[in-house]
Amino acid sequence: MYPGKFYGITPDITSTTPRPREITTLTLVDVCKTSTGTSITLPSGLQQYDIVFVASFNGASTIPAVPSGYTEGQRGDGGDVQYQWSYKIMGATPDSTATGLSSGCAHLAFAFRNVDNDTIFDVTTPGVATGTTGMPNPPAASGFASVTGTVTVGIGFLDDDSITPSESSGYTLLGYAQNGGTIMAEYITNASTSINGNPGAFGGSGTDAWVAATFVLKRRVDNGSHNGAAVWTLDDVFYSKT
């Protein structure tokens, strides 16, 4: 048996199942969107398998609802701060809006591409952090599995203070929204030589109660069933003499 066509030997492809070998980059889709209503416009240009995240803040004793069709990430009552963040994998026809949000809240929506759809989070999501004054300080995540190309996301929910926040050191601010307080989010892409699972406090002039969350997204390392065209390798081709 020989690879390729050689002295009258012709390749005969007998495998019909491709084995993808594509390296991907986990990237932000468009920009973060904001809303204070019961629906939110999603980032533009969404594709199948992109993952959309919606986060909501309320400071009036009612825990915000998880949007219709979304999976709860974390949701609860931090005393003076009620919060939720949730996510949804986009189907063949991606959504343009998220609905079923609670009124009287501030909402953010952002999306990432090339997240591992089977194992979305690279590490166990830590419990939320809380405080009574200052700026939201997202908790540290640890135990990175795949490291390179993962993305750490920090979210802050700040009661009462309508402020303009800034990102933690090394992070990029995704966006913020105000409605009886401020919700904010940031992210960083981790490299093999620089792992940042501990965002640190957002910048800003917050002086009230807060809740903060952290999660880490796992990069999809091949195109598997979550991409269009397959990539063939020699592992998938068997040769026989004709």
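Colleague: Start with a polar contact. Which residue's backbone oxygen lies 2.7 Å from a polar atom of the S35 side chain?
Modeller: Read the two atoms and their distance; the cut-off for a polar contact is 3.5 Å. Here the backbone oxygen belongs to S39, and its partner is a polar atom of the S35 side chain. Keep in mind that this is a predicted model.

Colleague: Where is S35 found, and is S35 buried or exposed?
Modeller: Look up the element, then the accessibility. S35 is found in strand β1, which covers residues 27–35. Buried means under 20% relative accessible area. S35 has 14%, so it counts as buried.

Colleague: What is S35 in contact with, leaving aside its neighbours within four places in sequence?
Modeller: Four residues to look up: I40, C105, A106 and H107.

Colleague: Now backbone torsions. Which residues other than glycine have a positive phi?
Modeller: Check the sign of phi, then the residue type. Two cases to view are D30, with phi near 55°, and S61, with phi near 80°. Neither residue is glycine.

Colleague: Where do D30 and S61 sit?
Modeller: D30 is in strand β1. S61 is in the loop between β3 (51–58) and β4 (71–77).

Colleague: How do I class D30 and S61 by accessibility?
Modeller: Over 50% counts as exposed, under 20% as buried, and the range in between as partly exposed. D30 has a relative accessible area of 31%, so it is partly exposed. S61 reaches 58%, so it counts as exposed.

Colleague: Zoom out. How many helices and strands does the chain have?
Modeller: Count the elements from the N terminus. The chain has zero helices and twelve strands. Read along the sequence, every element in the pattern is therefore β: β-β-β-β-β-β-β-β-β-β-β-β.

Colleague: What share of the chain is buried, and what supplies its exposed area?
Modeller: Take the two separately. Of the 242 residues, 47% count as buried. The chain exposes about 10800 Å², and carbon and sulfur atoms supply 48% of that area.

Colleague: How do I read the range of the contacts?
Modeller: Start from contacts with a separation of 6 or more. Residues 24 or more positions apart account for 75% of them.

Colleague: Next, sheets. What is the strand order in the open sheet of five strands?
Modeller: Walk from one edge to the other. The order is β8-β12-β9-β11-β10, with antiparallel pairing. β8 and β10 (172–178) stand at the edges with a single partner strand each, so one side of each has no neighbour in the sheet. From one strand to the next, the twist averages 15°.

Colleague: How many bridges join β9 and β11?
Modeller: Nine, in the antiparallel sense. β9 covers residues 151–159 and β11 covers residues 181–189. For a register check, L158 stands opposite T182 in β11.

Colleague: L158 also turns up in the contacts of A209. Where does A209 lie, and is A209 buried or exposed?
Modeller: A loop residue needs its accessibility read too. A209 lies in the loop between β11 and β12 (210–217). A209 has a relative accessible area of 8%, so it is buried.

Colleague: What does A209 touch, not counting residues up to four places away in sequence?
Modeller: D80, V81, G131, T132, F157, L158 and D159. Another distance to view is the C-alpha separation of A209 and M135: 8.4 Å, with their positions 74 residues apart along the chain.

Colleague: Last, aromatics. How many aromatic pairs are there?
Modeller: Compare ring centres, then the angle between planes. The count comes to twelve aromatic pairs. F53 and F110 are stacked, at 5.7 Å centre to centre and 20° between the planes. F53 is in strand β3 and F110 in strand β7 (residues 106–113), 57 residues apart. Both F53 and F110 are buried.

Colleague: What is the geometry of Y87 and F121?
Modeller: Edge-to-face, at 5.5 Å centre to centre and 80° between the planes. Y87 is in strand β5 (residues 82–89), while F121 is in the loop between β7 and β8 (129–131), 34 residues away. Y87 counts as buried at 15% relative accessibility, and F121 counts as buried at 19%.

Colleague: Which residues form one aromatic cluster?
Modeller: F53, W85, Y87, F110, F112, F121, Y187 and F215.

Terms used
Residues numbered from 1 in each chain as written. Predicted model: local features only at pLDDT ≥ 70, side-chain atom pairs only at ≥ 80, totals over all residues. Heavy atoms only, no water. Helix = DSSP H or I, 4+ residues; strand = E, 2+ residues; numbered from the N terminus. Buried < 20%, exposed > 50% of the residue type's maximum accessible area, 1.4 Å probe, protein only. Polar contact = N/O pair within 3.5 Å; in protein donor to acceptor, adjacent residues only side chain to side chain. Contact = heavy atoms within 4.5 Å. Areas by Shrake-Rupley, 256 points an atom, 1.4 Å probe, with all protein chains shown as cover. Phe/Tyr/Trp six-rings, centres within 6.5 Å; stacked < 30°, edge-to-face > 60°. Pairing = 2+ DSSP bridges. Axes fitted to C-alpha atoms, helices over the stretch in contact; angles between N-to-C directions.
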